[in-house]
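Q: Please take a close look at the charged contacts in one part of this protein. Which residues take part, where do they lie, and are they buried or exposed?

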Amino acid sequence: MNTPVRKVVIVGGGTAGWMSAALLVKMLGHRLDITLVESDDIGTVGVGEATIPPIQVFNKALGIDEDAFLKATGGTIKLGIEFENWGAEGDRYMHAFGPIGRQVGMSAFHHVWLQARGEGDTSDLWDYSFNHHAAKADRFTRLPQIPSTPLEGLVYAFHFDAGLYARFLRAGAEGAGVKRVEGIITHANVDGASGNITSVSLKSGESVEGDLFIDCSGFRALLIGETLGIGYEDWTHWLPCDRAVAVPAENGARMRPYTQSIAHKAGWQWRIPLQHRAGNGHVFCSDYISDDEATGVLMANLEGKALADPRVIKFKTGRRNSFWEKNCVAIGLSSGFMEPLESTSIHLIQTGIVRLVQMFPTMGEEPSLRAEYNRQLAFEYERIRDFIILHYHANTRTDSDFWRACANMNVPESLKARIQLFEESALIFRDGNELFAEVAWLQVMWGQGIRPRAHSPLASNLTGDRLKGYLRDLRTIMESHASKLPAHTDFIRTHCAAGQ
Ligand SMILES: Cc1cc2nc3c(=O)[nH]c(=O)nc-3n(C[C@H](O)[C@H](O)[C@H](O)COP(=O)(O)OP(=O)(O)OC[C@H]3O[C@@H](n4cnc5c(N)ncnc54)[C@H](O)[C@@H]3O)c2cc1C
């Protein structure tokens, strides 16, 4: 690329393709000509329903009205993820969004709470999570702050139908000028001298030319993998699950404002309530359980009647060695895959396209942009990888070979160091601008049974009755405010019921 970039071609119209098209046309549409090529015959991966709070930032950047979006996608609210049977069988904890307690002076809240435990307090860590109180009571409203207090209110994300989200974004993007070409791409054409992609050829004989190509072709990685030959760093030795079986079902009696993640003998099951159905799936490791057995486990654990036949999806956890190569940027499943345990895939699409918009190669060939983009994305992928490995590794289950192997595996040094620091001091530090904050690491480490031997001496500035009173007040405020919130179902019915 040594001429200004004007023509952008997006290959693929799944969640990644349409999120990319929507943001690009919104932010840079005045200077770009954007074409998206997709094939209805090939279709999309067709799963992906749970998100994390930064998606709100993405939707706001697009000027999307939240109620309209929830209506269009059959969406519900997500306040966190409940993990069942993870640390040990019968255990249950939540990775709730939002803060836990409130920082005291220079001391993170959990040190203060550990101080109290040392003095005999028996309260639970999640007694100080407002999100947890609301989630377990199936309650929600938009509440940025707990009234008459300095305490943060509810921090939320969404469950939604990713296919409907793509359709919703498509309408806006096409309205703003993105051209859509329907057809099957047979191959991409490369300039012999520069190695850049010049066009993609379709089965129809048509070809679509561009200056910059965004590969959103899903697991197939048509451009970044097949055309440019960029390899894949395989993380299966750390995250051994390699398949999922998914099935939509009728909703159960409750519409929980949180995702459920239930560990089974060789993997785990998700339950995601949407307005019109529940998404269900069982992520598993094929070395330990067959497709039929895994399907049996899933079907035996549905809360409502199945609405379709179960479908097995194969995957390999890992990432592309390079996300941006020549004039091609891989976004979505073509860039890598991590299982949906912490709902990070759609988020990685978001950060990929946001970064590309921020580092857009307006003037053509700019290797420094490419290098920085690849560095930032690799860092983000690796920190998320560590966070997901933590869930598998920190278990004390003895009921299956799978869980024993996970407990005994050799984890990345970066994760080892983090666990050790917590065990020795209860300290947790966010690494640069990694996705998951201290409070997320805390909940998973504590929830999975990792116990620190000491805590910060700063916390001993508040002790005895003053400490007891402080904690009691926090609990009371959170409990009483959460119990008065509207029911999640009422919130949906009032603000954003689908089909109205
Ligand atoms: C089991 C499972 C569960 C998941 N759950 C979650 C979740 O809860 N939360 C979350 O954030 N993410 C989740 N994900 C990830 C999420 O599904 C994806 O990140 C997201 O859907 C993006 O997919 P994509 O657009 O990259 O690829 P796809 O949806 O596969 O889209 C690929 C596009 O490329 C087009 N295409 C491919 N080849 C050609 C060709 N030759 N010619 C023309 N067009 C072509 C296809 O037609 C399609 O439009 C999950 C993934 C899996 C596998």
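A: In this predicted model, R180 and E182 form a salt bridge whose closest N and O atoms are 2.7 Å apart. The acidic partner, E182, is partly exposed, because its relative accessible area is 37%, a value between the 20% and 50% cut-offs that bound this class. R180 is likewise assigned to the partly exposed class, since its relative accessible area is 22%.

R180 also forms a salt bridge with E38, and here the closest N and O atoms are 2.6 Å apart. R180 belongs to strand β7 (residues 179-182), whereas E38 belongs to strand β2 (residues 33-38), so this contact ties together parts that are 142 residues apart in sequence. E38 has a relative accessibility of 10% and therefore counts as buried, the limit for that class being under 20%. The R180 to E38 pair thus joins a partly exposed arginine to a buried glutamate.

These contacts belong to a wider arrangement: E38, D40, R180 and E182 are linked in a network of salt bridges. Within this network, R180 is bridged both to E38 and to E182. The structure as a whole holds 33 salt bridges.

Another of these contacts offers a useful parallel. K136 forms a salt bridge with E82, with the closest N and O atoms 2.5 Å apart. This pair, too, links distant parts of the chain: K136 lies in helix α5 (residues 130-136) and E82 in strand β4 (residues 80-84), the two residues being 54 apart. K136 counts as partly exposed because its relative accessibility is 34%, while E82 is buried, with a relative accessible area of 4%. A partly exposed basic residue is therefore paired with a buried acidic one.

Apart from the charged contacts, a surface feature of another kind may be noted. L421, L427 and F429 make a nonpolar surface patch of about 250 Å². One of its members, L427, is located in the loop between α12 (413-425) and α13 (438-447). L427 is classed as partly exposed, because its relative accessible area is 30%.

How values were computed
Residues are numbered from 1 along each chain as its sequence is written. This is a predicted model: local features need pLDDT of at least 70, side-chain atom pairs count only at pLDDT 80 or more; totals for chains, interfaces and linings use all residues. Side-chain values use heavy atoms; hydrogens and water are left out. Patches are made of residues with over 30% relative accessible area and no salt bridge: like charges are joined within 9 Å, nonpolar side chains (Val, Leu, Ile, Met, Phe, Trp, Tyr) within 5 Å. Accessible areas come from the Shrake-Rupley method with a 1.4 Å probe; for residues, only the protein chains shown count as cover. A salt bridge is a side-chain nitrogen of Lys or Arg within 4 Å of a carboxyl oxygen of Asp or Glu. Helices (H or I, at least four residues) and strands (E, at least two) are DSSP runs, numbered from the N terminus. Buried means under 20% relative accessible area, exposed over 50%, partly exposed in between (1.4 Å probe, protein chains only).
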